[in-house]
Each structure stands twice: as structure tokens, then as C-alpha cells.
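Work through the exercises below with the sequence and the structure open. Each task is followed by a solution in steps.

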Amino acid sequence: MRKTRLIFLFVLCLMSLQLVMAQTDHRVYVKGIGSGTYLDDVITTDTISGGARRDSSAIYVLYRDSLYKSRTVIQNIGYKLTIVAEDGPGYRPIVYLYPTVATNLPPGYFINAKGNVEVRNLCISGVWEVGTYDSHDTSYVAGMQGCIFDFAASGFSLTVDSCILSNTNGNHIRSSSTPKNIKVTNTIFANMGFLRRSNLGAGKAFDVRAGSVDTLISVNNTFVNWQDRIIRHYQSTGSIKYLKFDHNTLVNGMSYHGMLSLGKVDKAIITNNLLVDAFALGNDTDAVRQVEFAANNEFDSKGNSRMTWVIAEKDSGRTTAYTIKNNYYAVSDSGQAFYNDFASAGVTGEGSPLSWNLNSKLGADSVNAFKKVSLKLVNTPMLMTNLMRWYRVPIANGGGGKSKDVSKFDWTKYDYDRRRIEYFDDTLDCTYSTANAAYTGAVGGYPAGDLNWFPAKKADWMINAIEKTDAKAHSFALNQNYPNPFNPATMISYSVLNTSQVKLEVFDILGAKITTLVNQVQSPGSYKVDFDGSKLSSGMYIYQLSTPNQVLTKKMMLLK
């Protein structure tokens, strides 16, 4: 015991020296509207020719309860761009993409990344929502552009936490190149797609079709109002190497060309999600829609591609590992009325979640992948039935004619229930009855969907979210956390060789215990658990795995 303590103190001394040598963050506080300052100007001023940064340690801090304008595309070339809200109480700062004098249009992107990007606790809207927004002033909302975040170069990562992203006609997050990691947590995606500026094949949360993605992680997010897809990777030549889509709430989506359109994927985890009117346009014999369901390589009675919520290519020279379970879905009265009204025209309800191929891969578990419940959320926008009905009206009568022809679209009549970004910050409420089966239906007995709507449950889940993986244990081992350095969360994996009492603890640099992540009897196997450092300061931390007979220790760096 004394020897273990001496080793631990020696490691602490080494890390203390490294911490002194570590670079200190430089927090740049940016004033909002009223100061005459534009956010893009501040960041541009801090760069030199070619886009490199004057101060590589700068972190841009926006004041709470403040509004910001951004008029030009921000591009970080070769440096990490971090934009966060100030610590403390108050509403999240709102960044609006603001029309320029020259074009009267907002910029096409907020950030066009050529380096790593991290944003936390921000509201970002693709249009200027102030003033005449509610009266459909065409000088602002009608000029909506295509994207919030885009990858303009390969090999970089995007981290988004505790944000609200709203109002693009194309995609909130897009890759024009091949990103390394995309991780989005505790975030609301709202208002995806706008027919005055695009067609029904646009309006997505993630569009990553440009190539491969190492990791795509979406955990504890809420998606509200989308026209096309939550994820589009369909037709990509590369694969998503690791997809985790866990504890998300999806409400009010047409899902025109699908919902989770994965294409090639190596490992996919789709678990504990809640879907309410998430395939609202329904299953149909609609050749225009069905074109982009082709990856399943399955066909309906008319020879068109079979519609499913999850679209994935059949394995081609690789073995894809799927975990799809404990997901719940509901159809509202408005959604069911739409299905009923168009049943004679070929709509057969909400359709099938999975392809026959995925059903066969999951085997008996496929019946538990998505369970239907009767459920109502407390406060959400109205389902976009006006838009859905317009789509089916013949073009000669002013509708869409079951096509992508939007020439007859009158957005002042048929646009969906597009709320201001403040609504999603202070009024949207996706809680549901605790008596519903979905409330205890997720793994571990937690509520299905975004756990941010049930804060007490989320706090408990963060402590106890221990996942046993498929990997076999060959030794008692503690792996390096990933990512490292991290901000604000990281994943710790380890292996247990024999059944025993296992502890996984985190300490600060002086040896004071921060938290206990695991303290239970575990059987042999490999495990992983997330660690959230959002309430901690930047610096070096120790994590220690122990049983009554063995102790392993590693270090990790939190950089904010």
C-alpha cells in the first residue's frame, strides 16, 4: 500500500512539472450588439495573412444575455477556434448571421473550418431574427443561407456542446471534406430547411457525404423541425468508422429522403432515442423520394427502393457491427390524421424503421429496436402538416405535385412552425409523462430521449453510464482516455480479467478526489465510461483503476 502511494505521488510530481510548462489559455471577451463590434471582425482581426492566428491560445468568450452579429464567413486555418459563453448565470449569447450591405444576404456559413473547432453554450441562428421576423419580412428570413458549420479541409474535428443551432436552408453541420471527429452533445437542432431557398432534399442536421468520418457522436441532443434527414452519409465513398446516436429526442420531421441515411458504416450504435412524428411524411409509393433509399438494395411491390428510417449499405468486404435497441416512437394525432387522409393515395403510415438486412443482423433483438408508444410532449412546435399537404397538391393547383419543384411554394402560407431561437432556449419542453413506458425504457432504466429534459435523471446517468463493450479482456488494463487533451468530456476504457470490486476514480493534481466514476462488482470484460469535466478548470488530472489487488493510474489533460 505504501509503495502504491509513493508511485502515485511520483506521478503527481511529474505531472505538476508538465502543468507548469503547459500553455495558459488567453480568454478574449467580445462585446455584443451596441458596441459597434461584429463577431467575425474580432476573430478576423486576430489573424494574419493566410488565416493563421496571432495568438494561438485565444479563446473567444461571449457575454450571456447578449446578442451578436456575424457578417462574413469565419475560417480558421491551421489553428483551433474556440468560442464559448462566459461562465455564470443568464441566457446563452445569441449569434445571428447578419446580412451584408452588398448582398442583403447573411454569409453562407458561420464557420468554414480548416482547423479544429469547439463551441459551447451558444445560440446560433442562420438569419437575423430581430424586429420583423414574425411578419415574414423577406429581406431577412427569405435570404437564409445553407450551413452553420462546414469542414473545408480534411482531418479536423468539431465539438459542439450545450448549444442551439437554428435556421439553415441546407445543413446545420456539413463536411465538404473528410472530418476526423464530430461530437455534438446537449444541443438543440432546430428549423432545418427552407423551401424558398432550397428544395425538399435539403434540411439536415448532419451532411457528411463528402467522405469518411472517424467518429460521429450525437448524444443527448434534441432535433426539432427538419425537412430531409438527421444524418446524410448516403452515397459517400468512405465510411463512418464509429457512429454513436444515443439518447436523442427527434420531433417534427418530414424525413423526405430518410431519417438516418448512413450509407457505409463500420460500427453503429443507435440506442435509447425517442422519436415523435419523426417520419411524418410517411411510407409511400413516391418514386421521387424513393430514389435516395437505394442503399438498402430492397424494393417495394412496384420495384422502387423500399423506404426505411435507417438506411445502410449491405456489407461489402467488411463486417459492420450494429447495436440498435431501446428506441421508442410515437405518432401524434395530427400525424395520424395525415396518414389517414392520404391512405387511399398510397401512404401506409409511419413505415418501417429497419431494412430487412438490418432485421436479419439484429436477429431476435430487432423486435425491440423501436417500440411504439402513445406519448405527448409538453410544448413543441406544431407538426408541419401544411407543408406536407402542400407537397401532395398538384403543381397545376399551386402545390408541389410530389416533386422537388418548389416554384409554386408560398412560404408565408406553407412554411412550418418556425419559432425564434429564444423559444428553443426558454419555452420548448420535450418532457413527457413519467408513467409512460419510455420513461424507464432506456438502458439502465433511464428515460428514452434527450436526458436534458429530465435533469435529475441525467445527473444520475452521467455517474452510472458504464457501457460494457464487445471486446474481450486479455488482461487487467487501463487505456489512455480519448480524446486527450479533452474539452469538456472524454471517454475512459478499461478491462477487467476476473470478477471483482472495481473502482475508477478521478483526482486533481494534488491528489484530491474529484469523483468516482465506477464503484461496483464487475465481471470479466471490457468497459468504457464518459467523464464530463465541464465544471472543472483547465489542467492535468489523474484517473485510477483499482481492485483489491491491483492499481493502475494514468493522466489526462483538460484544456478549455
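A residue counts as buried when its relative accessible area is under 20%, as exposed when it is over 50%, and as partly exposed in between. The model used here is predicted.

**Exercise 1. Classify arginine 232 and its salt-bridge partner glutamate 292 as buried or exposed, then place the pair in the chain.**

Step 1. Arginine 232 has a relative accessibility of 4%, so arginine 232 is buried.

Step 2. Glutamate 292 has a relative accessible area of 13%, so glutamate 292 is buried as well.

Step 3. The two side chains form a salt bridge, with 3.4 Å from N to O. Arginine 232 belongs to strand 18 (residues 231–232), while glutamate 292 sits in the loop between helix 3 (287–290) and strand 24 (310–312). The pair therefore ties together parts that are 60 residues apart in sequence.

Step 4. Side chains of opposite charge can pair when their charged atoms come close.

**Exercise 2. Work out what the salt bridge between lysine 264 and glutamate 313 connects.**

Step 1. Check the distance. The closest N and O atoms of lysine 264 and glutamate 313 are 3.4 Å apart.

Step 2. Place both ends. Lysine 264 is in the loop between strand 21 (260–263) and strand 22 (267–271). Glutamate 313 is in the loop between strand 24 and strand 25 (321–325).

Step 3. Conclude. The pair ties together parts that are 49 residues apart in sequence.

Step 4. Add exposure. Lysine 264 has a relative accessible area of 23%, so lysine 264 is partly exposed.

**Exercise 3. Describe the salt bridge of glutamate 350 and lysine 372, then name the residues of the salt-bridge network.**

Step 1. The side chains of glutamate 350 and lysine 372 meet at 3.1 Å, N to O. Glutamate 350 lies in the loop between helix 4 (333–341) and helix 5 (356–362), and lysine 372 lies in strand 27 (residues 370–372). The pair links distant parts of the chain, 22 residues apart.

Step 2. Compare each end with the cut-offs. Glutamate 350 has 13% relative accessibility and is buried. Lysine 372 has a relative accessible area of 46% and is partly exposed.

Step 3. Turn to the network. Salt bridges with shared partners join Lys204, Asp207, Arg209, Asp228, Arg229, Arg232, Glu292 and Lys404.

Step 4. Set these pairs in context. The whole structure has 22 salt bridges.

**Exercise 4. Find the cis peptide bonds in the loop between strand 29 and strand 30, and describe the setting of phenylalanine 486.**

Step 1. Read omega. The bond from tyrosine 482 to proline 483 is cis, with omega near -5 degrees. The bond from asparagine 484 to proline 485 is cis, with omega near 0 degrees.

Step 2. Place the prolines. Proline 483 is in the loop between strand 29 and strand 30, and so is proline 485.

Step 3. Place phenylalanine 486. It is in the loop between strand 29 (477–478) and strand 30 (489–496). With a relative accessible area of 2%, phenylalanine 486 is buried.

Step 4. List its contacts. Leaving aside neighbours within four places in sequence, phenylalanine 486 touches Asn481, Phe531, Met556, Met557, Leu558 and Leu559.

Step 5. Take a distance across the chain. The C-alpha atoms of phenylalanine 486 and threonine 47 are 24 Å apart, with their positions 439 residues apart along the chain.

**Exercise 5. Locate aspartate 65 and asparagine 326, and state the phi of each.**

Step 1. Aspartate 65 is not a glycine, yet its phi is positive, about 60 degrees. Aspartate 65 lies in the loop between strand 2 (58–62) and strand 3 (67–70). Its relative accessibility is 56%, so aspartate 65 is exposed.

Step 2. Asparagine 326 has a positive phi near 60 degrees. Asparagine 326 is in the loop between strand 25 and strand 26 (327–330).

**Exercise 6. Decide how the radius of gyration of the protein chain fits a compact globule, then summarise the fold.**

Step 1. For 560 residues, a compact globule would have a radius of gyration near 24 Å. The protein chain has 24 Å, which agrees.

Step 2. Give the box. The C-alpha atoms fill roughly 85 × 60 × 45 Å along the principal axes.

Step 3. Count the elements. The chain has 9 helices and 35 strands.

Step 4. Look at burial and contacts. Of the 560 residues, 55% are buried. Among contacts with a separation of 6 or more, 76% join residues 24 or more positions apart.

Step 5. Finish with surface and charge. The accessible surface is about 22400 Å², and 51% of it belongs to carbon and sulfur atoms. The mean positions of the 57 positive and 47 negative charges lie 5 Å apart.

Note on methods. Residues numbered from 1 in each chain as written. Predicted model: local features only at pLDDT ≥ 70, side-chain atom pairs only at ≥ 80, totals over all residues. Heavy atoms only, no water. Helix = DSSP H or I, 4+ residues; strand = E, 2+ residues; numbered from the N terminus. Rg over C-alpha atoms; globule rule 2.2 N^0.38 Å. Buried < 20%, exposed > 50% of the residue type's maximum accessible area, 1.4 Å probe, protein only. Contact = heavy atoms within 4.5 Å. Areas by Shrake-Rupley, 256 points an atom, 1.4 Å probe, with all protein chains shown as cover. Lys, Arg positive; Asp, Glu negative; His and termini not counted. Charge placed at Lys NZ, Arg CZ, Asp CG, Glu CD. Salt bridge = Lys/Arg side-chain N within 4 Å of Asp/Glu carboxyl O.
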